[in-house]
Amino acid sequence: MAQTTIVKPRTAVKPKVERPRLHKVILINDDYTPREFVVMVLKAEFRMTEDEAYKVMITAHRRGVCVVAVYTRDVAETKATRATDLGRSKGYPLMFTTEPEE
Ligand code: TYC
């Protein structure tokens with residue numbers, strides 16, 4: 001005798017409530033941009049105090065890179081571009097990049 005398999009529709013889904021991944025803004029060292037200019041850019045674009053900005057600048061200077069801050073992707077990319085453009089407007093190779101947090 002033929003059997004009918006009744007399949008219960010699966011309507012239950014896992015609720016998706018994950019937070020958006022945050023992205024790091026990373027400052028890259030170079031041999032040409034003056035230290036004071038890097039500090040000025042960090043204060044202007046990332047709302048840092050003189051002390052905070054100096055610590056980030058000197059870390060990038062000594063180690064090659066330093067994480068500046070984390071934001072949602074759009075904000076991180078916009079700030080990295082604006083900060084890099086400030087250097088470019090003065091002819092400096094100052095570079096900020098972004099990367100997603102693990
Ligand atoms: N290394 C630069 C100098 O000696 C200063 C500097 C620091 C530049 C950090 C970029 O991300 C940087 N003038």
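Student: What is the order of the strands in the open sheet of this model?

Tutor: The model is a predicted one. Its open sheet has three strands, and their pairing is antiparallel. Strands β2 (65-71) and β3 (95-100) each have a single partner strand, so they stand at the edges. The order is therefore β2-β1-β3.

Student: Which residue of β2 is the bridge partner of His23?

Tutor: Strand β1 covers residues 23-28 and pairs with β2 in the antiparallel sense. Six bridges join β1 and β2. The bridge partner of His23 in β2 is Tyr71.

Student: At about what angle does helix α3 run to β3?

Tutor: Helix α3 spans residues 73-89. This helix lies across β1, β2 and β3. Its angle to β3 is about 165 degrees.

Student: Which element supplies the largest share of the shell around the ligand?

Tutor: The residues around the ligand include Leu27, Arg35 and Met57. Three elements, β1, α1 (35-46) and α2 (50-63), each supply at least two residues of this shell. The largest share is three residues, and the element that supplies them is α2.

Student: How much of the ligand's exposed area does the protein bury?

Tutor: An oxygen atom of the ligand lies 2.8 Å from a backbone N or O atom of Ile28. A ligand nitrogen atom is 2.8 Å from a side-chain N or O atom of Asn29, and a ligand nitrogen atom is 2.9 Å from a side-chain N or O atom of His61. Taken alone, the ligand exposes 350 Å², and the share of this that the protein buries is 88%.

Conventions. Residues numbered from 1 in each chain as written. Predicted model: local features only at pLDDT ≥ 70, side-chain atom pairs only at ≥ 80, totals over all residues. Heavy atoms only, no water. Pairing = 2+ DSSP bridges. Helix = DSSP H or I, 4+ residues; strand = E, 2+ residues; numbered from the N terminus. Contact = heavy atoms within 4.5 Å. Axes fitted to C-alpha atoms, helices over the stretch in contact; angles between N-to-C directions. Near = heavy atom within 4 Å. Polar contact = N/O pair within 3.5 Å; in protein donor to acceptor, adjacent residues only side chain to side chain. Areas by Shrake-Rupley, 256 points an atom, 1.4 Å probe, with all protein chains shown as cover.
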